[in-house]
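Biologist: I'm new to this one, so please take a close look at a single part for me: any space closed off inside the protein.

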Amino acid sequence: MEEVLFFASALGALGGAVGVIAMRNPFYSVLALIVHLFSLAALFLLLTSAFVAAAQVVVYAGAVMVLYVFVVAYVGEGGESAWEPIPGQRLLAPLLGIALFVELSIAVLSSSLLALGEDGPDVKAGFGDPAAIGRLLLEKFLLPFEAASILLLLAAVGAIVLANRRQEETT
Amino acid sequence: MSIEWYIVLSALLFATGAMGILIRRSPMVILLCLELMLNAGNLALVAFSRMVGNGEGQVFAVIVMVVAACEVVVGLGLIVAIFRRRLPLNVDDLRELRG
Amino acid sequence: MSVSSWAWLVLLFPLLGSIAIGLGFKALPAKVAGVIGTVSIALAFACGIAALVSLLGEDPEARHHASSLWDYASVAGLDIKLGIFVDPLSIFMVLVVTGVSTLIHLYSYGYMQSDEGYHRFFSYLNFFVFSMLLLVLAGNFVLLIVGWAFVGFASYALISFWYRRETATRAGMKAFVINVVGDIGLVLAAFLIFRELGSFDYGTVFERAPEAFATNEWSIVAICLLLLVGAFAKSAQLPLHTWLPDAMEGPTPVSSLIHAATMVTAGVYLIARTHVLFELAPTAADIAAFTGLATLLVAATMALVMTDLKRAIAYSTMSQIGYMIMGVSIGAYSAGMFHLMTHAFFKALLFMAAGSIIAAMANEQNIDRMGGFGKAMRFTSITFVCGALALAAFPGTSGFFSKDEILAFAEARGGMYLIFTVLGYVGAFLTAIYAFRLVFRVLPGKPVPEAQELIDTGHLHHPHGPPVNPATGEEEDTDVGFPGAEHHIAEQSLPMRVAMGVLAVLALVGGLVQIPGVDDVVEKWLDPVWEGSPLAAIHPSLEQDYVGLGIGGFIALAGIGVAYLLYVARPELPGMLERRLRPLHTLFANKWYFDEAIDLLVVRPALAIGRFANRVFERVVVDGLVSGTAETVRGAGGVVRTVQSGFVRSYALLLIAGFAGLALYFLLSSS
């Protein structure tokens, strides 16, 4: 059962990813990404990380993707020409992608991690619950938590500054 | 499923995102590919967290999500600003910083 | 006060004079500067006399003192002190130098009176005297070289005194360059001496030399030859003589002091001082003697046909110094120094008289344009004749006794050295001819317009129009000063008359101190210096002396007679002789083509090397290297710059490619 769910989600994720990079219309790429995100949430659930899955759906697919949709709608269509100005890019990019994948896989698979090949230790019932994550956030990782808050503040200020309509700018 | 499946899947998604950055020319889509890579990283983190048995990887993944959100905000703001100034939304055409 | 203290004072006064005049040239009125200059040298002379008296009070064997002020360099085996060496030879030179210098300063006081650079002149002149005294009093080779170099500089400064004149500056440079060649020889000799003997100090060197060297060993011969290079450059002997005639561009007092009486005798002094070394290297001594002889004869021939008054006297100087060099090289040390002294008297006098005549001629120096000054300028003519008589070695004059001393010594030494005697007399004959050639061309005869003006009005002739250099026609620079008609003649200036009068008397009677068989003041005084020298022990017998004197006197009279014949009685003869012997005349008149030879052998190759260095080495190699490096860097930069294409995606490509490469490396290295 688990395998089926895994492969279904994996396919969804992969399909979304390929859709992102392959679709001409950026709006379709956004939609493909949303599919990808949902599939990832499913995978997180399979890994008994409930909170992260929920955060993924709510924050990522919910908020961030909505932002994307808005901007795509505002900016509109972006058709890309077929001609590639950088020589060798179209050839090297897939090669490098494959190389990257192969290397990373080999790096992980041939490492001496003991847990590979196993399902992982048996975890308690509250593993991945919001309570557990919350406790970690407020006890062990308080500093990163606060730093992340400041980062959010900065991003908000930055966004306002960037999007500010200046007086001398003409429409 | 044993962990290595998730790791390999994460690697594959990461490579796909990288390839997308190299190929696509619209800044929007490049940002989307960046999201792909970040999510691949998240998947790996959560998988390792499950492997180790404590929730630290998941906390890391949450923080990564926060960072991704901030980055998206700023990146989209940039795109909007570029669009407002009537510059072409094409990464190849925005190349004034060259030697 | 001890002898050494007097000697230090001798050095101090001219230096102070030079500094005082040099620093105060704006504040001091001209006359005061002249007085300071003259008085400082006179004080030095007085201190020299005091040193002489002190030395006389000592035992002849003990008359040498070394005294040093402080250690100059005392490191790594070197021990050089700022030290002087006072002995009969140095005091002799001091007296000659300061005595004649005082008179010349007196002369300059009047002669240079309306020159723009009056203060500069006296400052340089005082500095020159200081350097010459330093050279003479030096107690070790290093200080000798210091004095040598200073003297060379002073000569350069004074030759190009009127520095806006093209000819003067060129002459100054020529003199300086040739002097530097001599300096190189001297410095190399000093190095070799230090290497072989381990010291620069005179006393130590002369003590150790006989033990350290076998006779005519190559090292001592090399040292002596290098010393000779220095001596010949300074004393204008063949082949380093070409600077002396050109040095006549300087003011007449300069020619009189430096290029007659003092600086050019430095070479003679050097050989006399280092006689110990030369006696160990007879080969070098013989080379020196033959060079002196050759110079003697060649210069005399050149003086025979020279038409420039000052240059003719300059060649005469060269010739007489040839006698001196010959003398000290064959061992006639005292005789050579005696001739140095008498030559200082009569040559300085000749230059002074010539200066007076040239001033009357409004700076025209060509004797073809002169005549009849005997009537126009009585005093100058008389002194001129006195000097010429002494130069020609007329019986009874100073030159008579001193020249014959040398030639008699050569005869006494015998063997090969008889050549020197014979050819020396030939040279004396030529000397008498050219000396009186000058006298008979300038003094008697129909007065030229300038002389006529003097006779009629008593005023000097002033040329009209802007002042021009008579020799080249180049316009003079009145700001800096130039030898113009404002300069003074003896008849109108008391200081000049005093100086010339004293020298005339000395030229005539100065030889009486060393008459063979009667007295030998100079020889007795200088004897302790040559102690232990086998050569100095040779004395010509009284017979040889008297025979020599007789022959010398006869030759002098014969020469004067020939000159009278050629230039007074039968004035058409010189023209005829010139036509008959045209090739000889051309050779002499062109100064035996030495200048051309040096130009061909030295100057042209040097210029060619310079041009080659510029065109090939500098442009191709050096510029190539430097610019080439720059170009390479720029090229490399250009290549690297293409990476900065501005394309974000290519940056990303490079990034990911790099990461992939790195990962591959780590994977491979860890497997």
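Modeller: First, the term: a cavity is a set of points, on a 1 Å grid over the protein atoms alone, where a 1.4 Å probe fits but cannot get out, and its lining residues have an atom within 4 Å of a point. Keep in mind that this is a predicted model, in which local features need pLDDT of at least 70 and side-chain atom pairs 80 or more, while totals for chains, interfaces and linings use all residues. Residues are numbered from 1 along each chain as its sequence is written, chains are lettered from A in the order in which they are written, and side-chain values use heavy atoms, without hydrogens or water.

By this rule there are two cavities of 30 Å³ or more. The largest holds about 50 Å³ of space, a volume being what probe spheres set on the points fill, with points joined across faces, edges and corners. Around the largest cavity you'll find A392(C), A393(C), K403(C), D404(C), L407(C), Y425(C), A428(C), G552(C) and A556(C). Helix 18 (398–413), helix 19 (418–442) and helix 23 (542–569) of chain C each give that lining at least two residues, with the largest share, three residues, coming from helix 18 of chain C. By class, this lining has six nonpolar, one polar and two charged residues.

The second largest cavity contains about 40 Å³ of space. Its wall is made of H241(C), T242(C), P245(C), Y315(C), K591(C), F594(C) and D595(C). Here the split is three nonpolar, two polar and two charged residues.

How values were computed: 1 Å grid on protein atoms, 1.4 Å probe; cavity = no way out; pocket = protein on both sides within 12 Å on 5 of 7 lines; lining within 4 Å. Helix = DSSP H or I, 4+ residues; strand = E, 2+ residues; numbered from the N terminus. Nonpolar A, V, L, I, M, F, W, Y, C, P; charged D, E, K, R; others polar.
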